[in-house]
Amino acid sequence: MATESSESEEEGKIRGGNDKLIIEEDLREMSKNAAWSVSSCKPGNGVTTLRDDNLETYWQSDGLQPHLINIQFQKKVKLQLVVLYVDFKLDESYTPSKISIRAGDGFHNLKEIKSVELVKPTGWVCLSLSGTDPRETFVNTFMLQIAILSNHLNGRDTHIRQIKVYGPRPNPIPRQPFQFTSMEFLTYSTLR
Amino acid sequence: MENLLANCVEKNLSQFMFTNAIFFCERLLAEFPSEVNLQLLARCYLSNSQAYSAYYILKGSKTPQSRYLFAFSCFKLDLFGEAEAALLPSEDYVDEVPGGAAGHYLLGLVYRYAGRKNSSIEQFRMALSFDPLCWEAYRELCSLGAAEEASTVFGNNAFQRLQETFVTQRINFSEGANIDQLTDFDKASRDTSLWRTEHVPGENQQDLKIRQLGADIPPDTDRQLNTNGWDLNTPSPVISQVLDAPPPLLHKNMLRSAVEGSLMSVHGGRRIKFSEEMSAEATEGSGRRRSARIAAKKKIPMSQSYGKDSYRLHLSPSESNCVPSLSSMVEKCRIQSSKEATTSGQSISDIGSSVDDEENKNPSESSPDSSSLISGISEVLNLLKILGNGHRHLLMYNCQEALLVYQKLSLKQYNTHWVLSQVGKAYFELQDYFNADSTFTLAHQKYPYALEGMDTYSTVLYHLKEEMRLGYLAQELISVDRLSPESWCAVGNCYSLRKDHDSALKMLQRAIQLNERFTYAHTLCGHEFAALEDFEGAERCYRRALSIDTRHYNAWYGLGMTYLHLEKFEFAEHQFQLALKINPRSSVIMCYYGIALHESKKNDEALNMMEMAKLTDTKNPLPKYYKANILASLGDYHKAQKVLEELKECAPQESSVHALLGNIYKQLKLYDKAVLHFGTALDLNPSPSDAVKIKAYMERLVIPDELATDENL
């Protein structure tokens, strides 16, 4: 059962989280073509745990705040959604609280695009990267950095169990400016 | 004792008690080691899917029958070199290919798997010349693109050949009859019931049948038991009626061909009508068999009898499902007496009445009637001509002709699974998915156990975006047979429709595991990799598909699309060209070829290609769209606008048309119209990224002079 996640926009606070991860059909996961790195980690709880689809394993940082997760792509990609799995019940003081998401071309020109505070999250937390402007549904960037600024109960290190990054589906037909929407066009657009 | 044991083994084989048969055969061989008994044991092993055992015991045998059996076992074990060596001991003596038509067919397959196309074509042609009823050889030729006109193949030469065959049978028969009376070996209980409609799947029934025949020619023996071949993969019990008539001593040989036929994973058999000659032969066969057992081998024209026997008019699902069957083995169709010939795919006996009943007449008559023989042969050949023609057209992708040809069939023949799935496939290739859907639905409803062509059906449903029906179909197919690649292809398509490409890939890989040579599964895998943007994986899959079947144009198309994505336009052009060569009527391929040409800056050719595509398939709106796109990118906005305005009339609900029009009007500085069209485009539910783009365009319209950056047209 999915528990509702409420978000109060003015303060950027997110409470709770979903047990099940439900993503819209027109999004797809982008992280396969990315290079993931973290600012620090405890041996045995490294960056691979963030991508292993296993909610039992977690990444544990081992240094000073802010803890950073860097996701670098080979070319500019459109990103729409970042999803984290964190659980206050299991991780308590290791649960991240203030998170800042930054984007840019590289380490030298990252700019914050989203800042959010989690309040006792218990599951999948979706962080949308869209701005208010309809033109800003996606963030077009080479690199994404998720910074954990602080944890619950003022913990030093943090646990994150899984991260997924989503962007729009590309046009299945190469070299075309727009995607087809009507059945007729779609029927004739591909062979299988 | 020897004969008792032999009888017992034969009986067991015919009743599918394979382990019992093996046990007794081992005793037999131990007591009376002989070539004949060795072959019998090999047969037992092959029936029990123990090709490796048969391989070992037959290694080194020199007699033709043994060589054929050995080659068959090698084939099953994927030891193609040894199979070839066994079938062709020395290059010069091609005539010595044991097994006649069946041997040639097997050799053809070996060559085909090894990629030696020309040799394989030669072998298949020889198989057909030996036995015009070797339909599988014709199918292979069609799929290799080297088939001749059906009317030639199944024409006068075939007629004469078949006549000769049966006349010889007849003669032998009379000889045999005498011997029958003399010998009285048949201690095995004669189950005439067994003789008759035996609703058992199994190949070596004839064996037993013959034995059972005994000396007198039982009148009712000529019930024609038609065996329908079934797809190896279908576990559902095949209702096959074994037909008798394996003639001579080479009854074993016949069996070989039968075995081969059955194990060759084909399914669907065709019942051919035949006159009593057949039954006559059967009896004669048994007689001979017995005499063979006793004494010398009668040198009977083996090849002829071979040919006759080995018709397995079946459809192989994918060119070679050599998946060893579990218990249900494939059937081969045996000619029997009169009744109807129904097309394969029917396990139901006798759907439809026989066209010619006179032949079926007197079971009691032993002497064949030459005129009925002739009429029988000509009917069969006529049927084969139609089917062969249709099949050939389909595989050359002349789908309209194929459809017309198939319409000529009688209603009963038409409504058989094989024909229906061919018709469905023809509609599918024409991109007429609605008709394809209805045809396949009918086929599936009538024959839920027949899986051939169901992979195409699932693709049709995929194109029509019928998620629920596709899911239902996939579940049904899996419940019918979990070990058939078609079922897993359907499941894969189902996941793919839901955009769950990872799972789809897993399912399709299962299909591949079940049958490495199922070309379509490889192609579908390639499509899934492409959807996941793993273009290297996609390329690998497509190439594997092409290594199995070079004429699988979907794989060429897939490769072309992959290269388009990777922006290797020259390569893409090449692939599309090849695809077009194989299927010159596909407007979709033409469109993509045009796109590739455009990207390689060969714009005139590109535009011509679009024109061709438009003419080829008037129902396809895309050539116009692509043409407009090309014109717009060349700067010819007026023409592009004209084309799109036309297109707008035909397809008013398509967002991309409006979006493109909007861009064109912007270039033509008709900003009002541009805004109008952008607005319409947005209303028509474009994809989110497109929506963003279109909104961005709209914004920039307000400030036309401050030229926007990249957003290209």
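**Notebook: interface of chains A and B, and helix pairs in chain B**

I began with the interface, where the area buried between chain A and chain B comes to about 4200 Å², with carbon and sulfur atoms giving 59% of it; buried area here is the accessible area (1.4 Å probe) that two parts lose on being put together, summed over both. On the chain A side I noted that Tyr188(A), Leu191(A) and Arg192(A) lose the most area to chain B, together 26% of what that side buries.

Before going on I recorded that this is a predicted model, in which local features need pLDDT of at least 70 and side-chain atom pairs count only at pLDDT 80 or more, while totals for chains, interfaces and linings use all residues. Residues are numbered from 1 along each chain as its sequence is written, chains are lettered from A and ligands numbered from 1 in the order in which they are written, and side-chain values use heavy atoms, with hydrogens and water left out.

I then looked up the contacts between the chains (contact means heavy atoms within 4.5 Å) and found 33 residues of chain A touching 66 residues of chain B. For salt bridges the rule asks for a side-chain nitrogen of Lys or Arg within 4 Å of a carboxyl oxygen of Asp or Glu, and it finds 5 across the interface of chain A and chain B. I also looked at the salt bridge in which the side chains of Glu567(B) and Arg175(A) meet, at 3.1 Å from N to O.

Over all chains the count by this rule is 31 salt bridges. Within chain B, I noted Glu84(B) and Arg116(B), whose side chains meet at 2.9 Å, N to O. This pair links distant parts of the chain, 32 residues apart, with Glu84(B) in helix α6 (residues 80-87) and Arg116(B) in the loop between α7 (101-114) and α8 (117-130). Helices (H or I, at least four residues) and strands (E, at least two) are DSSP runs, numbered from the N terminus.

Next I took up helix packing in chain B, with axes as lines fitted to C-alpha atoms, for helices over the stretch in contact, and angles running from 0 to 180 degrees between N-to-C directions. Helix α32 (residues 622-634) and helix α33 (residues 637-650) of chain B pack at about 160° with axes 8 Å apart, which makes α32(B) roughly antiparallel to α33(B). Angles under 35 degrees count as roughly parallel, over 145 as roughly antiparallel, 65 to 115 as roughly perpendicular and the rest as oblique. The residues making the contact include Tyr625(B) and Leu631(B) of α32(B), and Val643(B) and Leu647(B) of α33(B).

For helix α22 (residues 454-463) and helix α23 (residues 467-480) of chain B, I read an angle of about 160° and axes 9 Å apart, so α22(B) is roughly antiparallel to α23(B). Among the contact residues are Tyr457(B) of α22(B) and Leu473(B) of α23(B).

The axes of helix α24 (residues 485-497) and helix α25 (residues 501-514) of chain B come within 8 Å and cross at roughly 170°, so α24(B) too is roughly antiparallel to α25(B). Their contact includes Trp488(B) of α24(B) and Met507(B) of α25(B).

Last, I checked the backbone of chain A. Most residues other than glycine have a negative phi, and most peptide bonds are trans. The peptide bond from Gln65(A) to Pro66(A) is cis, with omega near 0°, and Pro66(A) lies in the loop between β5 (59-60) and β6 (67-79). Glu92(A), though not a glycine, has a positive phi of about 45°, and Glu92(A) sits in the loop between α1 (88-91) and β8 (96-104).
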